[in-house]
Amino acid sequence: MRKEKKLNNLVNKVNAKEKEVSSLSMDQMKEKIKVIREKPEKTEEDLALTFALTREMARRTLGQRPFDVQVRGGLVLAQGKIAEMKTGEGKTLTATMPLVWEALKGKGAHLITVNDYLARRDTVWMGQIYHALGLTVSCLTQEGTFIYDPEYLAKKEEERLDKERDETGSFKVIKDFLRPITKQEAYSADITYGTNNEFGFDYLRDNLVYSFKNKVQRPLYYAIIDEVDNILIDEARTPLIISAPREEPTELYYQLARVVKKLKPGEDLIIDEKRKSVILTSQGQEKIIMAFRQDPWANNNVAFLYRLEAALRAETFFKLDRDYVIKNNEVLIVDEFTGRILSGRRWSSGIHEAIEAKEGLSIRQEMKTLATITFQNYFRMYEKLAGMTGTAMTEAEEFHKIYNLEVVAIPTNRKMIRKDWPDKIYQTEKIKFDALIEEVISRHKQGQPILIGTRSIEKNELVASSLQNRGLNCQVLNAKYHEREGQIIAQAGKLGAITVATNMAGRGVDIILGGNPPDPLEQKKVIELGGLCVLGTERHEARRIDNQLRGRAGRQGDPGESRFFISLEDDIARIFGGDKIKVLVKRFNLPPDYPIENKMISRLIERAQEKVEGMNFDARKYILDYDDVMNIQRKAIYQKRDNILKFKKDELDNFVLEMYEEEIREIIVFNTKDKDMEKWDISKITEELSQIFPVPINLEEKFKDIISRRGFNLEQAREEIIQYSLDLWKDNFSSWQKNIYQKISPEQLTEIERKFILEIIDYYFQNYLEEMEYFKRGIGLRAYGQHEPLDEFRREALIKFKNLTADIRRQITHTLQLGGQSSKIDLRKSA
C-alpha cells in the first residue's frame, strides 16, 4: 500500500510539471536535460522533471503523449522492477522515460529486444525523442551496428521519410535514419537497443580479446528487457556459446543416424516424453554392438556413447518444422516458445551435429566451447535490471527467486472488454482442425478479422494449406518469413483479414482494428463485427503463452474475442493430461465430431500446464544451479583476464613476479613437507627449479648448506631456501630484461608477455569448460550413492578449479622461462 501511494505521488509530480515544460522551446528542453545530466547527485524532483520533459518531447516529435499509466509503468522500470502491461498499452513509448533518466547518469542504458527488427524499428521510431533531448541512441543487429542520425539522409528526402515514419513507424523500419558505426561507438552511446544475443555474445567476445582496446562493452549498468518473460524464462534453458571447430571426424554421426533410425520404440528403446529421455533396452544395446562391431559399454568408450546419446535424442525428440527448420542447407533452431529462429545458435552436447546427420546435411565440424554463459547469469551482472511484458504474473515467483525482480501490474488505460470463450475440445486432431476451418469460414463471411495461433511451423503451414484449399487467402507468419513479421501482423486487424501465425505473432507490434494506419470506415465495421478474433489451435505448455496469444485482441479498450480449439491428441493433453481426461470424455458418450465445452476438462488441462510449468522451472533452476558454480569461476578468470589487459609494464612485471613466487614456493613447500629435514627432496627441488629458469650448477649444495646452518629450525630453513631461490630468479629476470631490450622495446616485450599469458589462460579454461560439461552430465549418478549431485558438483568443481589455476600458473612459469638462456619460445616471433 505504501509503495502504491509513493507511485501515485510520483505520477502526480510528473503531471504537475507538465504545464511548466509545455511552455519551453525545444532548445530550452534540451538545456534542462543537460543541467540534470551534469548534476553529480540527482533527486526525485530531477526524476519527475526528466519524465515530464520526455513525455512532452514524445508529444512534439511523435504526436503521442504517454498516458498516466505509461508514466506509472516507466517509474516502475526506473525502480528496477518488472512492469506487466497488457498488449497494446504502449510499452515501447513507456520505456523512453526511464531510459532517458538512467542515461543521464552517464553509464549507458540498454534496451534488450527479442529480435533485430524491433531493435532497428525502436531506434528509428523512438530515436526522434532522444535526439531532440540531446541524447545519442544506437542499435546492435546481426547485419551491423548503427546510430540514429537524422542528418544522415539526403535533405530532400527528409520531409517525406519523416511523414512516412510517423505513420508506419510502429511496424516499418526507415533505415535511412541509421548510420553505420563501430561497436565501441554503439556501446558508448547514451542509449543502446539490441537483442539479448548481441549483448550476450559481445560480453563473451570481450573476454576472448588480447588487447583492451578491442573490448566493446562498458561495465553493465542499466537494462530494460522487453518481453522479459521470453528472454529471462523461455530462453533461459539455451546458454550462449562461442565455439570453434574440433579436428575430429564426423562420419560416426552419419553411421549412428542410419542405425538409430531402425531402432523400434518399446523393443529397442524406452522413451519418456515427460522427461525427454531415451534409454536403450538390452536388445537395443545388442543391435548397437552388432552394427559397430564393438561394445562401447564394456570398453568404456565415452566419446562413442556421447555421440550415441545425441543421435538417439535427435531422432526421438527433435522434429523438422517444429524444433528446427532447414534453410540454405543449414539447421536453424526454432524457439519453441516464440516460433522465432535463433540465429547463430547451435545445440550443444552433439545434438546439432546429430540432427545435421539425420537430415543428410553436411556436418559442420563438431564444436569446442571457447566461452559460454546463461542468460540468467549475464543479465544478473547488470547493476540495475528492469523488464516489461504483457504476461509476468504467472512467473512472478521465478522472477523473484532467480533475479530478485518484483513484478508490478500496471492497470490498462481503458477497460478491457475482450470476450474469452470456453475451449472447444475434440477427440481427435483431425476433427479439431476441421472444426477450426469451419469456424474461420463462418466468421470470414461476415468480414471479421481472424488471427490463428499455432505452436509449430508444421501446424502453421497445415492450417494455411487447409484454408487455401477452401479458397480462403491468408497471411502466413512463422520463422520462415521473419523479415515480413511486422508488416504482416500490423495489418491483421483489417476487414476480412486472415492471419496464421506461430507463437511469435509479431510480439512488439500492435494489431490496430481497420489496419495500420487504420481506415476509419473499415475500423467502424470491424468494431461492429466484434473486433479481432483470436483462435488458438492448442494449449501451450505455459499458460503465459496462451495469455499472450489472447492478448493480441482487445487492445486499448477495443472489442475482441478469443477461443482455443483442443484435441485429446494434443501434446499437453496426451502426455500430461493422461487417462483422467479420456475417462471424463468417455462418460459424456458423445459423437467424435461433437465439441465438448466442459470446465472440468479445461481445468484438468490447466493443471497439466501448471505441472509442465513446474517441470520447466525445475529444468531452468537445474541449469542455473550448476551454472552458478561455473559463474563464480568464470568471473574469477575473466577478472584476471581484464586485469592483465589493463596492466601497464610495471604491473604486468609484478603479476609475473607473483606467479613465479607462488610456483617457486609451491615447489619448495611440497618437497619439504617432512618434519625430518634429512628426508627433504633437495635434488627434486633443484630439478624442478631448473625447468623454470637457469640455475647455478652448485644450487643443490647451497640448499644443503642452508639446511645444515639452520639446524632443526624447519620453518627458517624452508623460508631461506624460498628466499634464496626467489633472489636467484629476480637476478636472472633483471639480466634477461637488459639483454632482450637490445632487440625489442620494453613496450613490445610487455605486449608479447601479455598475449602469451592470455593464450595460456584461454587454452586451459576452454579445456576446463569442456571437462566440466562432461563431468556435469555424469554427476547425476552420484545420487545412487546417496550423495546430492549438486553438492558433489560444487565440492569437486572447487577442487578442479584450484587445480586449473595451479595448471595455468605452472604452464606460464615453466614455458615463459624469463631466464632467456633456455627459453622454449622465441619471444621475437610472438611480436
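Contact here means heavy atoms within 4.5 Å. The legends below describe close-up views of a predicted model.

**Figure 1. Surroundings of R641 in helix α24.** R641 touches D206, N207, L208, V209, Y210, L758, I761 and D762, when residues up to four places away in sequence are not counted. The side chain of R641 reaches the backbone oxygen of V209 at 2.8 Å. Between R641 and Y210 the C-alpha to C-alpha distance is 8.9 Å, although 431 residues separate the two in sequence. R641 has a relative accessible area of 1%. Because the limit for a buried residue is under 20%, R641 counts as buried.

**Figure 2. Surroundings of N377 in helix α16.** Helix α16 covers residues 375-379. N377 is buried, and its relative accessible area is 2%. Two polar contacts of the N377 side chain are shown: one joins the side chain of R380 at 2.7 Å, and another joins the side chain of D627 at 2.6 Å. With neighbours within four places in sequence set aside, N377 is in contact with L624, D627, D628, N631 and R634. D627 thus appears both in this list of contacts and as a polar partner of the N377 side chain.

**Figure 3. Packing of helix α24 with helix α30.** The axes of α24 (residues 599-646) and α30 (residues 789-816) come within 10 Å and cross at roughly 20°. Angles under 35 degrees count as roughly parallel, and α24 and α30 are therefore roughly parallel to each other. Their crossing is right-handed. On the α24 side the contact is made by D625, Y626, V629, M630, Q633, A636 and I637, and on the α30 side by P789, L790, F793, R794, A797, L798, F801, L804 and I808. By class, the residues of this contact comprise 13 nonpolar, 1 polar and 2 charged.

**Figure 4. Packing of helix α25 with helix α29.** Helix α25 spans residues 649-670 and helix α29 spans residues 746-778. Their axes come within 10 Å, with a crossing angle of roughly 45°; α25 and α29 are therefore oblique to each other. The crossing of α25 and α29 is left-handed. K649, L652, D653, F655 and V656 of α25 make the contact with P746, T750, E753, R754 and I757 of α29. The contact residues of α25 and α29 divide into 5 nonpolar, 1 polar and 4 charged.

**Figure 5. Packing of helix α4 with helix α5.** The axes of α4 (residues 44-62) and α5 (residues 68-78) come within 12 Å and cross at roughly 135°. Helices α4 and α5 are therefore oblique to each other, and their crossing is right-handed. From α4, the residues L47, F51 and R55 meet D68, V71, G74, L75 and A78 of α5. In this contact of α4 with α5, 5 residues are nonpolar, 1 is polar and 2 are charged.

**Figure 6. The chain from which the views are taken.** The chain contains 30 helices and 22 strands. Of its 831 residues, 55% are buried. Among the contacts in the chain with a separation of 6 or more, 76% join residues 24 or more positions apart.

Terms used
Residues numbered from 1 in each chain as written. Predicted model: local features only at pLDDT ≥ 70, side-chain atom pairs only at ≥ 80, totals over all residues. Heavy atoms only, no water. Helix = DSSP H or I, 4+ residues; strand = E, 2+ residues; numbered from the N terminus. Buried < 20%, exposed > 50% of the residue type's maximum accessible area, 1.4 Å probe, protein only. Polar contact = N/O pair within 3.5 Å; in protein donor to acceptor, adjacent residues only side chain to side chain. Axes fitted to C-alpha atoms, helices over the stretch in contact; angles between N-to-C directions. Parallel < 35°, antiparallel > 145°, perpendicular 65-115°, else oblique. Left-handed = near helix turned anticlockwise from the far one by under 90°. Nonpolar A, V, L, I, M, F, W, Y, C, P; charged D, E, K, R; others polar.
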